[in-house]
Amino acid sequence: MTTSTPAPQKDHGRAGRDLKAAITSAVVLLAAIFASLAFWKPAFMFIVAAAVVVAVWELRKGFLAKGIDLPEQPLMIGGVVMVAVAFVWGAPALVTATAVTALAIMLHLLRRGVDGYVQNATAAVFALIYLPFLGSFVALLLREDGTARWTDEVDYGVLGVVAFVLVTIASDIGGYIAGVLFGKHPMAPVISPKKSWEGFAGSAVFCVAVGIAVVTWLLDGDWWVGILLGLIAVTMATLGDLCESVIKRDLGIKDMSQIIPGHGGLMDRLDSLLATVAPIWLLLHYLVFTR
């Protein structure tokens, strides 16, 4: 009787991923995002709501590795409602919906009994803030009123989302290129061994350059706001990536799932976006949209 030996995983070198699959997946996702923004703004909210649902499913799957059972349905339903009310009624409605959803989740968990209640409720509220609450700031960004001053046909909200996506992507691209080419000094070897200070420097350069470009050309704002945008994006994106790495290490998993070829799970792509969107909305709202 012979036993089969599992095939060794393909070594992707310093890139750490299947670059061809990763680029293809990224292009498809970005095409869906920009197409929805170009043709009908609310369509983008369906994409955000779907992302929240998938991310909750992934996080619950990961938490089960530690025996933590997130209440999946209340989190998904509440998350979709939070995205919707944020887009329609704004920040006060988002805060209210978040509070109501948190209470509803805690009441829902009463059905499971006393054992594990504090653990599951705490994890559920964490998931609520980490996923749908932070994700709903994309809806706040998209609902910004007014039009860009250089044209009467382009919506501020759409441009704000485009700026947010581009500057966050710049962090990933700059860090990836600089890290692969020059990375020698690990930033956090225990948490994320492949993340280097050289990669962070590359992220900073790319983010600031793209930040200045999108603020001055797309939003007709001041160049120094673009610098602030880039610095905020690179700092928060890096922290978001490190936090998700800590979560995965604590759970003992490599990726949240394998639904995106070349990237792993959706959460593995959303980590930096979730971390950057709230401060970016705050910055653009007060220094560009309402000045």
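**Figure 1. The side chain of asparagine 120 and the backbone of aspartate 69.** In this predicted model, the side chain of asparagine 120 comes to 3.2 Å from the backbone nitrogen of aspartate 69. Asparagine 120 belongs to helix H5 and, with a relative accessibility of 10%, is classed as buried, because that value is under 20%. Once neighbours within four places in sequence are set aside, the contacts of asparagine 120 are Ile68, Asp69, Leu109 and Arg112, so that the residue of the polar contact, Asp69, also appears in this list because its atoms lie within 4.5 Å.

**Figure 2. Alanine 123 in helix H5.** Helix H5 spans residues 117-135 and includes alanine 123, a residue that is buried at a relative accessible area of 8%. Apart from neighbours within four places in sequence, alanine 123 is in contact with Phe63, Ile68 and Leu70. For leucine 70, which stands 53 residues away along the chain, the separation from alanine 123 is 6.9 Å between C-alpha atoms. Ile68 is thus named among the contacts of alanine 123 and also among those of asparagine 120.

**Figure 3. Helix H7, from its start to serine 171.** Helix H7 is made of 27 residues, 156-182, and the distance from its first C-alpha to its last is 38 Å, close to the 39 Å expected at 1.5 Å a residue. At the start of this helix, a side-chain oxygen of aspartate 155 is within 2.6 Å of the backbone nitrogen of glycine 157. Further along, serine 171 is also part of H7 and is buried, with a relative accessibility of 7%. The residues in contact with serine 171, leaving aside those within four places in sequence, are Ser203, Cys207, Val234 and Ala237. The UniProt record, in an unreviewed entry, lists residues 154-179 as one of the segments carrying the feature "transmembrane region".

**Figure 4. Aspartate 220 in the loop between helices H8 and H9.** Aspartate 220 occupies the loop that joins helix H8 (197-218) to helix H9 (223-251), and with a relative accessible area of 30% this residue is partly exposed. The phi angle of aspartate 220 is near 55 degrees, which is a positive value in a residue other than glycine. Most residues other than glycine have a negative phi.

**Figure 5. Lysine 248 and arginine 249 in helix H9.** Two residues that follow one another in sequence, lysine 248 and arginine 249, both sit in helix H9, and their accessibilities fall into separate classes: lysine 248 is buried at 12%, whereas arginine 249 is partly exposed at 48%. A polar atom of the lysine 248 side chain is 3.3 Å from the backbone oxygen of lysine 254, and beyond four places in sequence the residues touched by lysine 248 are Ile253, Lys254, Asp255, Met256 and Asp268. The C-alpha atoms of lysine 248 and phenylalanine 63 are 9.2 Å apart, although 185 residues separate the two in sequence. Arginine 249, by contrast, touches Val190, Ile191, Ser192 and Pro193, again without counting residues up to four places away, and its C-alpha atom is 9.4 Å from that of valine 190, which is 59 residues away along the chain. The UniProt segment 226-247, also given as "transmembrane region" in the unreviewed entry, is 100% helix and 0% strand in the model, with its end C-alpha atoms 31 Å apart.

**Figure 6. The kink in helix H10.** Helix H10, residues 267-289, has a kink of about 35 degrees at valine 277, shortly before proline 279. This helix is mostly covered, since 17 of its 23 residues count as buried because their relative accessible area is under 20%. Residues 272-289, another segment that the unreviewed UniProt entry places under "transmembrane region", are 100% helix and 0% strand, and the C-alpha atoms at the two ends of this segment lie 23 Å from each other.

**Figure 7. The whole chain as context for the close-ups.** The chain contains 10 helices and two strands, which follow one another from the N terminus in the order α-α-α-α-α-α-α-β-β-α-α-α. Of its 291 residues, 47% are buried, and the chain exposes about 14700 Å², of which carbon and sulfur atoms supply 70%. When contacts between residues at least 6 apart in sequence are considered, 68% of them join residues at least 24 apart.

Notes:
Residues numbered from 1 in each chain as written. Predicted model: local features only at pLDDT ≥ 70, side-chain atom pairs only at ≥ 80, totals over all residues. Heavy atoms only, no water. Helix = DSSP H or I, 4+ residues; strand = E, 2+ residues; numbered from the N terminus. Expected span 1.5 Å × (residues − 1). Polar contact = N/O pair within 3.5 Å; in protein donor to acceptor, adjacent residues only side chain to side chain. Bend = angle between axes of the 7 residues up to and from the residue. Buried < 20%, exposed > 50% of the residue type's maximum accessible area, 1.4 Å probe, protein only. UniProt positions renumbered as here; feature names shortened; annotations may be inferred. Areas by Shrake-Rupley, 256 points an atom, 1.4 Å probe, with all protein chains shown as cover.
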